[in-house]
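Thanks for making time this morning. I will go through a few local features one by one, and you can follow along on the screen.

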Amino acid sequence: MDNKSEIKIEKIDYDEALRYLGYKNIEPDDHTRELLLLCEKDFLDACKANYVYKVFDLDGVDIVGCDFELEGEDIKRHLDGCTKVIFLCVTLGNEVDALIRKKQITALSEAVIIDSVASSVVEQACDETENIIMKEFEGYEKTHRYGLGYGDFPLSGQKKFLATLDALKRVGVSVTDSDMLTPTKSVTCVIGLKEASDE
């Protein structure tokens, strides 16, 4: 099973954006809050959140109908007991990267704000995408997202992972020679599905 779609981001979680800015237990000053509001429209105008995913059956640690190998012990432990696996890619699009680059030249403080907002929103988009996917799998429990590059799940698998999703054609996400995603505000991850217990 595979799918793709656009996610409309209409509201920013400012508390989460502030956390990315370093305001964990500190109340931001009025100037910072004003900057957040000032940057909101530019960011929302630029943001074009999209996702693509595929769902495969799992046979132990082997992915049925897919030649992508789950390398590393961490991801195998993460998927222990799962019968299906979701490959997911979410991106905010090239326009967000372009906006940040522009602001780095014209208004550095706004660039920092928008970068933090984007980091927060791409995770928000992942959460929303998970909710959409799970409507198709109501009889299953999901694991949390596990990204390439976490633990010993190698980042070097990005190219093949994206190719499996046909992510460049479908949502415009590719990978550099150093295994970094472009657009930069993109996420790749694996989610396991376990059949829900009746207990």
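**Notes on a predicted model**

Asp-179 has a relative accessible area of 21%, so the residue counts as partly exposed. Please keep in mind that what you see is a predicted model. Asp-179 sits in the loop between β7 (174-175) and β8. Its phi is positive, about 65 degrees, although Asp-179 is not a glycine.

Another aspartate belongs in this part of the talk. Asp-166 is also a residue other than glycine with a positive phi, in this case near 55 degrees. You will find Asp-166 in the loop between α6 (158-165) and α7 (167-171). With a relative accessible area of 34%, Asp-166 is partly exposed.

Staying with the backbone, there is a cis peptide bond between Thr-182 and Pro-183, with omega at about 0 degrees. Pro-183 is part of the loop between β8 (181-182) and β9 (186-195).

Next, the helices. At what angle do helix α2 and helix α5 pack? The angle is about 70 degrees, and the axes of α2 (residues 30-46) and α5 (residues 108-134) are 9 Å apart. Angles of 65 to 115 degrees count as roughly perpendicular, so that is the term for α2 and α5. The crossing of α2 past α5 is right-handed. On the α2 side, the contact is made by Thr-32, Leu-35, Leu-36, Leu-38, Cys-39 and Phe-43. On the α5 side, the residues include Ile-113, Ile-114, Val-117, Ala-118 and Val-121.

One more residue of helix α5 is worth pointing out, and that is Glu-130. Is Glu-130 buried or exposed? Its relative accessibility is 6%, and therefore Glu-130 counts as buried. Leaving aside residues up to four places away in sequence, Glu-130 touches Lys-142, Arg-145 and Ile-191.

A second glutamate, Glu-73, is in helix α3. Glu-73 has 44% relative accessibility and so counts as partly exposed. Between Glu-73 and Leu-99 there are 39 Å in space, C-alpha to C-alpha, for a separation of 26 residues in sequence.

Now the aromatic rings. A pair of aromatic rings is described by two things, the distance of the centres and the angle of the planes. With ring centres required to lie within 6.5 Å, the count comes to 9 aromatic pairs. Why is the pair of Tyr-51 and Tyr-53 called stacked? The ring centres of Tyr-51 and Tyr-53 are 6.2 Å apart and the planes are at 25 degrees, so the pair is stacked; the cut-off for that term is under 30 degrees. Tyr-51 and Tyr-53 are both buried.

Phe-68 and Phe-87 make an edge-to-face pair, with 5.3 Å from centre to centre and 80 degrees between the planes. This pair links distant parts of the chain, 19 residues apart: Phe-68 is in the loop between β3 (62-63) and α3 (73-78), while Phe-87 is in strand β4 (residues 84-91). Phe-68 and Phe-87 are both buried.

Which residues do ring pairs link into a cluster together with Phe-68 and Phe-87? They are Phe-56, Tyr-146, Tyr-150, Phe-153 and Phe-161.

The last item is a charge and a ring. Arg-19 lies over the face of Tyr-20, 4.9 Å from the ring centre.

Key:
Residues numbered from 1 in each chain as written. Predicted model: local features only at pLDDT ≥ 70, side-chain atom pairs only at ≥ 80, totals over all residues. Heavy atoms only, no water. Phe/Tyr/Trp six-rings, centres within 6.5 Å; stacked < 30°, edge-to-face > 60°. Buried < 20%, exposed > 50% of the residue type's maximum accessible area, 1.4 Å probe, protein only. Helix = DSSP H or I, 4+ residues; strand = E, 2+ residues; numbered from the N terminus. Lys NZ or Arg CZ within 6 Å of the ring centre and 35° of its normal. Axes fitted to C-alpha atoms, helices over the stretch in contact; angles between N-to-C directions. Parallel < 35°, antiparallel > 145°, perpendicular 65-115°, else oblique. Left-handed = near helix turned anticlockwise from the far one by under 90°. Contact = heavy atoms within 4.5 Å.
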